[in-house]
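This report walks through one protein model, moving from an unusual peptide bond to charged pairs and then to aromatic rings. Please keep the sequence and the structure in view while reading.

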Amino acid sequence: EMPNMEVTATMVNAMRDVLTDPSLLPYERELLERFGATAKSLPMDVVELLRSKSKPKLFLHELLRGSRVTPPEPLAEKKKSPELESRLHKIRAELENREYEEMTRDVRQQEMEQRDVGEISSASQSMAEGVNILVAKGTAFAIGWFAAQAAWGYDPVWCSIAGLVGLILGFLVEA
């Protein structure tokens with residue numbers, strides 16, 4: 001974008017002279033009339049048009065002598081409709097949620113895998129503990145059975161009672 005230049009007396013005189021020129025093309029005339037002699041600043045392309053159409057020919061430095069670059073006008077802040085604002089807010093929230101889901105996807109996947117491994121580990125520990133209890137109690141019953149058989153001979157009633165006593169002692173020892 002070309003800068004705007006502050007209007008000088010030389011530019012005003014050149015514009016007055018150029019606007020009276022019959023060889024001026026319609027779009028050039030329209031451009032010069034749009035700014036007119038009362039403008040405070042002119043775009044560089046208008047200054048260049050004045051330089052090229054002026055009679056006698058002026059050099060660019062002659063037109064710009066005493067002029068300064070003017071800052072562009074600040075743009076007016078546009079009012080956004082409430083409907084647009086609410087829609088933008090909704091879209092931003094959805095985008096933030098998607099980004100959050102994307103960032104935490106690996107973390108959640110690892111948590112689920114750890115939980116699955118933990119459940120399997122917990123189940124296998126429980127099974128091992130159950131088998132251990134069964135083997136320990138069966139062993140305590142067998143010790144009682146064979147101790148009674150060694151002490152009193154083979155009597156199913158006394159062997160069973162001695163096996164149950166061994167089983168109870170096994171529970172007491174483990175508790």
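P56 is found in the loop between helix α3 and helix α4, the latter covering residues 60-64. The peptide bond that leads from K55 into P56 is cis, with an omega angle near -5°. As background, most peptide bonds are trans.

The model is a predicted one, and a word on confidence is therefore in order before going further, because where pLDDT is low, the predicted coordinates should not be read in detail. The protein chain averages a pLDDT of 84, and 94% of the residues score at least 70. Within the chain, confidence is highest in helix α3 (residues 44-53), at a mean of 88, and lowest in α5, at 84.

**The loop after α3 and the salt bridges**

The loop between α3 and α4 also contains S54, which counts as buried because its relative accessibility is 5%, under the 20% cut-off. The C-alpha atoms of S54 and M11 are separated by 9.9 Å, although the two residues are 43 residues apart along the chain.

How many salt bridges does the structure hold? The count comes to five, and the table lists three pairs that are among them.

| Pair | Closest N to O distance | Separation in sequence |
|---|---|---|
| E6 and R68 | 3.1 Å | 62 residues |
| K55 and D21 | 3.8 Å | 34 residues |
| E28 and K53 | 3.5 Å | 25 residues |

In the pair of E6 and R68, whose side chains meet at 3.1 Å, E6 belongs to strand β1 (residues 4-6) and R68 to the loop between α4 and β3 (69-70), and the pair links distant parts of the chain. E6 counts as partly exposed, at 25% relative accessibility, whereas R68, at 55%, counts as exposed.

K55, the residue that precedes the cis bond to P56, forms a salt bridge with D21. Because K55 lies in the loop between α3 and α4 while D21 lies in the loop between α1 (9-19) and α2 (26-35), the pair ties together parts that are 34 residues apart in sequence. Is each partner buried or exposed? K55 counts as exposed at 63% relative accessibility, but D21 counts as buried at 13%.

The side chains of E28 and K53 also meet in a salt bridge. E28 lies in helix α2 and K53 in helix α3, so this pair ties together parts that are 25 residues apart in sequence. E28 is buried, with a relative accessible area of 6%, and K53 is partly exposed, with 22%.

Another acidic residue, E73, has its place in the loop between β3 and α5 and counts as exposed, at 72% relative accessibility. E73 and A39 are 34 residues apart in sequence, and their C-alpha atoms are 14 Å apart in space.

**Aromatic rings**

A pair of aromatic rings is described by the distance of the centres and the angle of the planes. The structure holds three aromatic pairs. In one of them, the ring centres of F141 and W145 are 6.2 Å apart and the ring planes stand at 35°, so the pair is tilted; the reasoning is that this angle falls between the 30 degrees under which a pair counts as stacked and the 60 degrees over which it counts as edge-to-face. Both residues lie in helix α5 (residues 82-152), four residues apart, which is about one turn of the helix. F141 counts as partly exposed, at 29% relative accessibility. Ring pairs link F141, W145 and Y154 into a cluster.

A further ring has a charged neighbour: K137 lies over the face of F171, at 4.9 Å from the ring centre.

**A nonpolar patch on the surface**

Which residues make the nonpolar surface patch? W152, V157, W158, I161, V165, I168, L169 and L172 make it, and its area is about 870 Å². Helix α6 (residues 156-174) contributes the largest share of the patch, seven residues. W158, one of the patch residues, lies in helix α6 and counts as partly exposed, because its relative accessibility is 46%.

How values were computed: Residues numbered from 1 in each chain as written. Predicted model: local features only at pLDDT ≥ 70, side-chain atom pairs only at ≥ 80, totals over all residues. Heavy atoms only, no water. Phe/Tyr/Trp six-rings, centres within 6.5 Å; stacked < 30°, edge-to-face > 60°. Helix = DSSP H or I, 4+ residues; strand = E, 2+ residues; numbered from the N terminus. Buried < 20%, exposed > 50% of the residue type's maximum accessible area, 1.4 Å probe, protein only. Lys NZ or Arg CZ within 6 Å of the ring centre and 35° of its normal. pLDDT = per-residue confidence, 0-100. Patch = residues over 30% accessible without salt bridge, like charges linked within 9 Å, V, L, I, M, F, W, Y side chains within 5 Å. Areas by Shrake-Rupley, 256 points an atom, 1.4 Å probe, with all protein chains shown as cover. Salt bridge = Lys/Arg side-chain N within 4 Å of Asp/Glu carboxyl O.
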